[in-house]
Amino acid sequence: MNMLHMNWSGRQVPHALLDILRGCNIRCRHCYNLAPPYCKSLAEIAAELDTLLQLRQLQAVSISGGEPLLHPELTEIIRMIRQRGVAAAIVTNGLLLTQEKALEYKAAGCDLVFVHIQHDQIRRDLPFAPTAGDIHRLRAEKTAHLLDAGITPGWALTLEDSDHDGLRDFLAAYAEAPGVQYVLLSVARDFRAEALSDEETDAAALLRIMGETPRPFLPFTWLGGRFQPEIPRWFAFHSVRTRERWHAFRVSGLERLYLGICRLLRRRVPFIMKPSRRLLLWRSFLNGLTGGGREAAAFAWQAWRRREAVETKHVILEIPPVRLADGRIECCADCPDAVVRGGKLYPACLADYECGPGNEERTPC
């Protein structure tokens with residue numbers, strides 16, 4: 001399969017997580033947060049943010065936790081990120097997300113909010129055994145708050161790797177959801193050290209399902225593991241749609257040239273993208289001319305000729321850590337979702353384990 005290897009390393013990685021607190025107002029079956037509740041001060045958060053900027057040439061930072069909307073100074077944290085010239089995103093369960101809060105975050109400079117709502121959560125805004133309709137209603141409500149405030153909405157989902165029907169249904173809903181431009185898919189895993197599995201996720205099966213949906217998603221870029229760099233553990237998918245038509249991007253010479261120029265000039269690699277309609281159509285057209293397939297050029301031409309509105313649809317798929325035969329824990333190399341612990345970067349899903357008592361010598365990113 002033709003994919004672009006994002007073999008960034010060190011300071012080239014364009015994204016990280018800013019972990020501002022622990023503690024949450026819902027319960028998720030597969031949560032990887034193992035630390036006790038704790039709310040960091042602005043001084044602590046500023047120090048961690050500056051450490052991230054020293055270690056990486058960041059284009060975007062996602063605020064996480066715990067549940068970040070519980071932090072009483074979240075708006076100031078967003079401003080702090082924007083003042084350093086970095087895009088700010090939030091990953092939230094959305095329980096506290098209101099129209100007023102969305103407007104407040106937008107005014108502070110928030111660019112993107114991922115809302116994590118699914119059936120196996122225990123939360124007060126859903127019944128104990130929610131139906132698909134209940135989930136759809138709540139996602140639509142929170143998405144509307146963000147769109148009305150001018151914030152790009154994203155959805156997050158933690159899926160069992162065997163729940164193929166659930167994945168199909170979720171992607172179908174996402175493909176048809178107006179305004180929702182990003183999805184973060186994480187495969188479920190028990191992240192406790194004593195329980196971490198040595199059974200690898202069947203990534204090929206997930207990719208096949210994503211490519212067979214009525215609105216297909218094709219893997220565009222990938223990252224390998226820190227010990228097995230040739231095995232993909234992180235995938236990004238980029239599609240574009242109008243009201244009537246859909247196109248999933250394939251890698252072309254255009255993207256290879258662009259990333260080569262970024263590396264040559266040591267420029268930041270884009271991570272959160274908000275291209276104009278004109279730029280998006282030009283990209284589609286040139287992608288088709290430089291090896292991405294005639295469909296891309298035809299899509300751009302038809303959308304331009306008919307003056308259609310165009311929307312991007314991005315998906316990130318994260319394969320969970322696995323215990324190797326020699327006992328080491330494999331995860332993404334130079335993880336784009338790393339957090340700071342003791343001045344070093346660790347994958348967010350393993351940070352509580354790898355930085356806990358007795359684990360000081362674990363391998364950082």
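How closely do the axes of α8 and α9 come, and at roughly what angle do they cross? Select the two helices and look along them: the axes come within 6 Å of each other and cross at roughly 145°, where axes are lines fitted to C-alpha atoms, for helices over the stretch in contact, and angles run from 0 to 180 degrees between N-to-C directions. Helices here (H or I, at least four residues) and strands (E, at least two) are DSSP runs, numbered from the N terminus.

Before going further, note that this is a predicted model, in which local features need pLDDT of at least 70 and side-chain atom pairs count only at pLDDT 80 or more, while totals for chains, interfaces and linings use all residues. Residues are numbered from 1 along each chain as its sequence is written, and side-chain values use heavy atoms, with hydrogens and water left out.

**Stop 1: α8 and α9**

Stay with this pair, in which α8 passes α9 in a left-handed crossing; a crossing is left-handed if the near helix is turned anticlockwise from the far one by less than a right angle, and right-handed if clockwise. To display the contact (heavy atoms within 4.5 Å), select Arg277, Leu281, Ser284, Phe285, Asn287 and Gly288 on α8, together with Ala296, Ala297, Ala300, Ala303 and Trp304 on α9. Coloured by class, the contact of α8 with α9 shows 7 nonpolar, 3 polar and 1 charged residues, with Ala, Val, Leu, Ile, Met, Phe, Trp, Tyr, Cys and Pro counted as nonpolar, Asp, Glu, Lys and Arg as charged, and the others, Gly among them, as polar.

**Stop 2: from α8 to α7**

Next select arginine 283 and glutamate 255, whose side chains meet in a salt bridge at 3.4 Å, N to O; the term requires a side-chain nitrogen of Lys or Arg within 4 Å of a carboxyl oxygen of Asp or Glu. This pair links distant parts of the chain, since glutamate 255 belongs to helix α7 (residues 253–265) and arginine 283 to helix α8 (residues 277–292), 28 residues apart. Glutamate 255 counts as buried because its relative accessibility is 8%, the classes being buried for under 20% relative accessible area, exposed for over 50% and partly exposed in between (1.4 Å probe, protein chains only).

**Stop 3: the salt bridge between β16 and β2**

A search of the whole structure finds 17 salt bridges. For one of them, select arginine 341 and aspartate 19, whose closest N and O atoms are 2.9 Å apart. Arginine 341 lies in strand β16 (residues 338–341) and aspartate 19 in strand β2 (residues 15–19), 322 residues apart. Arginine 341 is buried at 17% relative accessibility, and aspartate 19 is buried at 3%. Add Arg22 to the selection, and a network of salt bridges linking Asp19, Arg22 and Arg341 comes into view.

**Stop 4: α5 and α6**

Move to α5 and select arginine 168 and aspartate 165, which form a salt bridge at 3.0 Å, N to O. These residues are about one helical turn apart, because they are separated by 3 residues in helix α5 (residues 164–176). Arginine 168 is partly exposed at 36% relative accessibility, whereas aspartate 165 is exposed at 52%.

Now add helix α6 (residues 203–212), whose axis comes within 10 Å of that of α5 and crosses it at roughly 40°. That angle makes α5 oblique to α6, given that angles under 35 degrees count as roughly parallel, over 145 as roughly antiparallel, 65 to 115 as roughly perpendicular and the rest as oblique. The crossing of these two helices, α5 and α6, is right-handed. In the contact, His164, Leu167, Arg168 and Leu171 of α5 meet Ala205, Leu206, Ile209 and Met210 of α6, a set that divides into 6 nonpolar, 1 polar and 1 charged. The buried residues of α6 include Ala203, Leu206 and Leu207, and among the elements covering the buried residues of this helix are α5, β8 (152–159) and β13 (311–318).

**Stop 5: loops**

Finish with the backbone, and select glycine 65 and glycine 66, between which the peptide bond is cis, with omega near 20°. Glycine 66 sits in the loop between β5 (60–64) and α2 (74–83). Arginine 307, in the loop between α9 (294–306) and β13, has a positive phi of about 55° although it is not a glycine, and it is exposed at 78% relative accessibility.
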